[in-house]
Amino acid sequence: MADTAAAGGAGGSGTRSGSKQSTNPADNYYLARRRTLQVVVSSLLTEAGFESAEKASVETLTEMLQSYISEIGRSAKSYCEHTARTQPTLSDIVVTLVEMGFNVDTLPAYAKRSQRMVITAPPVTNQPVTPKALTAGQNRPHPPHIPSHFPEFPDPHTYIKTPTYREPVSDYQVLREKAASQRRDVERALTRFMAKTGETQSLFKDDVSTFPLIAARPFTIPYLTALLPSELEMQQMEETDSSEQDEQTDTENLALHISTDDSGAEKENTSVLQQNPSLSGSRNGEENVIDNPYLRPVKKPKIRRKK
Amino acid sequence: MNRKKGDKGFESPRPYKLTHQVVCINNINFQRKSVVGFVELTIFPTVANLNRIKLNSKQCRIYRVRINDLEAAFIYNDPTLEVCHSESKQRNLNYFSNAYAAAVSAVDPDAGNGELCIKVPSELWKHVDELKVLKIHINFSLDQPKGGLHFVVPSVEGSMAERGAHVFSCGYQNSTRFWFPCVDSYSELCTWKLEFTVDAAMVAVSNGDLVETVYTHDMRKKTFHYMLTIPTAASNISLAIGPFEILVDPYMHEVTHFCLPQLLPLLKHTTSYLHEVFEFYEEILTCRYPYSCFKTVFIDEAYVEVAAYASMSIFSTNLLHSAMIIDETPLTRRCLAQSLAQQFFGCFISRMSWSDEWVLKGISGYIYGLWMKKTFGVNEYRHWIKEELDKIVAYELKTGGVLLHPIFGGGKEKDNPASHLHFSIKHPHTLSWEYYTMFQCKAHLVMRLIENRISMEFMLQVFNKLLSLASTASSQKFQSHMWIQMLVSTSGFLKSISNVSGKDIQPLIKQWVDQSGVVKFYGSFAFNRKRNVLELEIKQDYTSPGTQKYVGPLKVTVQELDGSFNHTLQIEENSLKHDIPCHSKSRRNKKKKIPLMNGEEVDMDLSAMDADSPLLWIRIDPDMSVLRKVEFEQADFMWQYQLRYERDVVAQQESILALEKFPTPASRLALTDILEQEQCFYRVRMSACFCLAKIANSMVSTWTGPPAMKSLFTRMFCCKTCPNIVKTNNFISFQSYFLQKTMPVAMALLRDVHNLCPKEVLTFILDLIKYNDNRKNKFSDNYYRAEMIDALANSVTPAVSVNNEVRTLDNLNPDVRLILEEITRFLNMEKLLPSYRHTITVSCLRAIRVLQKNGHVPSDPALFKSYAEYGHFVDIRIAALEAVVDYTKVDRSYEELQWLLNMIQNDPVPYVRHKILNMLTKNPPFTKNMESPLCNEALVDQLWKLMNSGES
């Protein structure tokens, strides 16, 4: 029964493969493998003493077998890769089987059993020819430092580029012109947008759109915006400072930090010494302690002090 | 006036002497703007029958007065609240001025008067007769003060400290009485104990040493205890409370700076310079800073930019700046230096009476000038002196004399020295603000004249003597009667000058201090070839108001071919002509270098000069040693030589002014040469720009070549390869920065034959704006951009109007359209990326007003009114208000005038209120003889009420 099923399957597939010549090679390969597995399952069933089996159960068993074998393969591959090899060895398989709960010791005996059936090798279907991809140019040979087992270079057209661009503009005048007009456009667009989205004032009663002025809005603390440099300016200042390494401002900055900065503290010391020599004695040793009444801690109220 | 120092020559107008005062403010409510506290004055009666004590107090509500723990009756009467009684019919300035002067003197502490009159309880009369100490304890409160203390409370979320709410004392002259009862005189010194209880998140800054800070029992508030052991007048007491950030000066730990939250980085930068000013003053005065500590507080809505009080100064927060700002830096430093000078003379050394004020103002102004000379150089100093001299001369010639030392004899109205003024000069409070500014200006100029006479060395010795006497006195106990030496008087000062220098400066004092007015010289000359003599004619005008006759020496400098020679002429009653012998024969063929005043020898192209005369140029009073105006006539080539070769910046400035009248190619060349000379003082070069523009306009029909200054600007500031593009900004060299800023502004004043700004110039300026690139610059370009907008505004000429059509977009001049485009963009960008002090907004507003005035844009004050609202930065407000004031005048709008008057009455910022009035007087909406619909009775009523409202 298993034979018939297998034969029927084979015959069917033969006709199918004949009828569907155009199916892709991977499909073909898959079908062939599947057929072989079916034969194996059928023969195992026969071996177990079954007369016949329903197609659905054969299919199920095939499915189970396939996944079992796939798992062995996958697992073996992991083990072999784990030990930095590319080819699995016997021990990989053994470990895999052990891992999957299979008693390996029973395997030789099972293989040597008397009633086992020999299955013919699946018919060799001619290797599907992969249609040759359009090649353009000569593939590059590997450079010496790349081992030869690595894949070949892809076709040159996939990585060779021939960029097309205009000559960079280096003319000062044009650059300045461009920078200026770009900035102007950005500013104009931005302010127009702001004006469109907010309240505006106008210089002409009849026309509000040509020269829209963003409406004046009073601030709660007007001096802050007026005095503090904007972020842009701060950034700019840092840039120019770092680029110029202005000595004077640097030392000034140092001196301004009353913190633990050494050079700053020294500088303070000297200037204080010049200022009032009377303090010099007391100042030795205590570098950072500045005795200023405003820095002193606030006292707790005394009990007797009446408010 | 023959007082001797050291004895009790100074008669106190009060029958008692104050020795110590306690001020305790234990509750400050920012929400209600109120203050509750008490004061305690310790006084010693000096007469036996003292039964009434007069103190100063204004707008304070007084709850209770106790003397030595006994309840005392008191009367409170402030006549300045209603200067002229409502029933009186008279309404004129004279009447008001008299009434006001009377009211002020009725409460003048220097006359022993006061608003608050306390009766000494009869139980104490015996005590008083023994001249024993009295302690007067006064409980008071202050609600919504109109002056004296200024509350700034921003309306945002959060606690008062988070909002940045603060309060500070302010006022004009002696106005401490506005916030606590005291003897509000500069001559009544005493020691102080000051206590302020404030929110725990706030800091109270006041005079003297902070002794301790103590929490209250609920730990939510803390009390600051200050002790001022140096005797100080009540008028020099101040207070600032707010959530300040504290910065101890890294160079001088006794100095502490305070600013409002978030501004600490700016404070660090701004004050990083202060120690140098300290060093300078201490060095020249050879005297240490008199107080043991110094505090600077930077606050918002300041009354004045700088206010100096004993051991602390209150500044406007708008003086703070970052390292990127160029223009503000010298201004701020000047303010710092000014306040510090006043610490020595004004706070530490106080004045005996109002008529001695000039000594203090003079000395502080004079040492401030010395600081300027050292810091900014001799050129800047001389330029400043010239500027101040011009100011005082212009003021006196226009409004009449400024009298430094008013002496009030029998009060005869006939010889009232200030009859030309509509206010009395007897009291500081009755003066006009402008007069007082000029007063200070004249005071320091006169000090300089004294220096010229007795040498700087002696001058500084005198100052040192005053200071050391005062500091010895300050450490003495009250009973020793030494405190009087901390007060300076005119006679004491003069005496110490004659002691130190041995010179008699009485004529000088008589001329400039006891007498008002300036001298006006007219000079012209002729060269007598036969006698080789320069015949100089000097006339004086001493009949017009504000002038006086000058008799005495006058220096004249003559630059001849052989060198520069000084001659001292004696100006006498009737001599007009002066013959000055010349040293050199005219000789033109000898090629020889010409020696200048400073010893330098230069080659000159002498082809321009008169072949017969060896005179190159003549200067009258080159050292400004007379307070004078000189109008001198010399030929154009002489002015040109003077401009080119005289090394004194004042001479250069004078010649630039004179050359305006000589629009010739030679003048043009001389000015252009000066512009190009990098060694030349930048301010001279800047004024040369404007002169050149004027000359170019006068010779428009014969002008050849590109518009004036264009090629020069291109050469200096534009790229070599593409001359229409300006280089990216680099303001490292300040001189060229200032020149770069100014030149376009001057160029925009050029006009072509049709009296329009040449198209070429406008395009040029627009290109400057377009290509302006500040990315690589260390400094901010906000002032530069603002000046570019000013330049655009300068280029605007009146619109050609066809029978008064309404201005609409369609008939907009294409040039104006371009200008408007720029202004719109700049003004809008300011909303997104505001510039420092909003300089650009300010310039934009001014430019818009110019466009309106010239009829390109419909005249409309709505825009300005919105910018003038409270909540905008003060500079913006002032610019906007200026436009509204101008609109009121041009369009004669009653509505706007009302709006302005309303703001004068109700604006929270006193500076703005003052400024509006100031602007209205400078640019009045109508004048006396003009018919105007604005001039009506309701307005008179309103103004009268305003004047009468009692805010001095």
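## Two residues with positive phi

In this predicted model, B:R892 is partly exposed, with a relative accessible area of 36%. That value falls between the limits of 20% for buried and 50% for exposed residues. B:R892 belongs to the loop that separates α24 (874–891) from α25 (894–906) in chain B. Its phi is near 50 degrees, which is a positive value in a residue other than glycine. Most residues other than glycine have a negative phi.

B:M709 also has a positive phi without being glycine, here near 75 degrees. This residue sits in the loop between α16 (682–698) and α17 (710–717) of chain B. B:M709 is buried, its relative accessible area being 5%.

## Chain A in outline

Chain A holds twelve helices and two strands. Read from the N terminus, its elements follow the order α-α-α-α-α-α-α-β-β-α-α-α-α-α. The chain has 307 residues, of which 23% count as buried. Among the contacts in chain A with a separation of 6 or more, 35% are between residues 24 or more positions apart.

## A helix pair between the chains

Helix α7 (residues 172–197) of chain A meets helix α19 (residues 759–770) of chain B; their axes come within 10 Å and cross at roughly 80 degrees. An angle from 65 to 115 degrees counts as roughly perpendicular, and α7(A) and α19(B) are therefore placed in that class.

On the side of α7(A), the residues in contact are A:E177, A:A180, A:R183 and A:R184, and on the side of α19(B) they are B:L766, B:I769 and B:K770. Sorted by class, this contact has three nonpolar residues, four charged residues and no polar ones.

## The nonpolar cores

The largest nonpolar core has 322 residues, and the members that touch the most others are B:I53, B:Y281, B:F345, B:W358, B:I450 and B:F493. Helix α9 (residues 433–454) of chain B supplies the largest share of this core, with twelve residues. Another core lies apart from it and has five residues, including B:V83, B:A99, B:Y100 and B:V104. In soluble globular proteins, nonpolar side chains tend to be buried together.

The surroundings of B:Y281 can be listed in detail. Beyond its neighbours within four places in sequence, B:Y281 is in contact with B:T286, B:A337, B:Q338, B:L340, B:A341, B:F344, B:I367, B:Y368 and B:W371.

## A helix pair within chain B

Two packed helices are described by the angle between their axes and the distance between the axes. For α9(B) and helix α10 (residues 456–474) of chain B, the angle is about 120 degrees and the axes are 7 Å apart. These two helices are therefore oblique to each other.

From α9(B), the residues B:M447, B:I450, B:E451 and B:I454 take part in the contact, and from α10(B) the residues B:M456, B:F458 and B:M459 do so. The contact has six nonpolar residues and one charged residue, with no polar residues. B:I450 in this contact is also one of the core members that touch the most others.

## An open sheet of three strands

In chain B, three strands form an open sheet in the order β3-β7-β6, with antiparallel pairing. Its edge strands are β3 (52–55) and β6 (74–76), each of which pairs on one side only. On average, neighbouring strands of the sheet are turned by 15 degrees against each other, direction ignored.

β3(B) and strand β7 (residues 116–119) are joined in the antiparallel sense by four bridges. Across this pairing, B:I53 faces B:I118, and B:K54 faces B:C117. B:I53 also appears among the core residues that touch the most other members. On the other side, β6(B) and β7(B) run antiparallel and share three bridges, and B:Y76 has B:L116 as its bridge partner in β7(B).

## Strand β8 of chain B and its partners

Strand β8 (residues 134–143) of chain B has ten residues, seven of them buried, so the strand is largely enclosed by the rest of the structure. Strand β2 (residues 34–45) pairs with β8(B) in the antiparallel sense over ten bridges, and B:F38 stands opposite B:N139.

Strand β4 (residues 61–67) of chain B also pairs with β8(B), over six bridges and again in the antiparallel sense. Here B:R66 stands opposite B:H137.

How values were computed:
Residues are numbered from 1 along each chain as its sequence is written. Chains are lettered from A and ligands numbered from 1 in the order in which they are written. This is a predicted model: local features need pLDDT of at least 70, side-chain atom pairs count only at pLDDT 80 or more; totals for chains, interfaces and linings use all residues. Side-chain values use heavy atoms; hydrogens and water are left out. A nonpolar core is a set of buried Ala, Val, Leu, Ile, Met, Phe, Trp, Tyr and Cys residues joined through side-chain atoms within 4.5 Å. Buried means under 20% relative accessible area, exposed over 50%, partly exposed in between (1.4 Å probe, protein chains only). Contact means heavy atoms within 4.5 Å. Axes are lines fitted to C-alpha atoms, for helices over the stretch in contact, and angles run from 0 to 180 degrees between N-to-C directions. Angles under 35 degrees count as roughly parallel, over 145 as roughly antiparallel, 65 to 115 as roughly perpendicular and the rest as oblique. Ala, Val, Leu, Ile, Met, Phe, Trp, Tyr, Cys and Pro count as nonpolar, Asp, Glu, Lys and Arg as charged, and the others, Gly among them, as polar. Two strands pair if DSSP finds at least two bridges between them.
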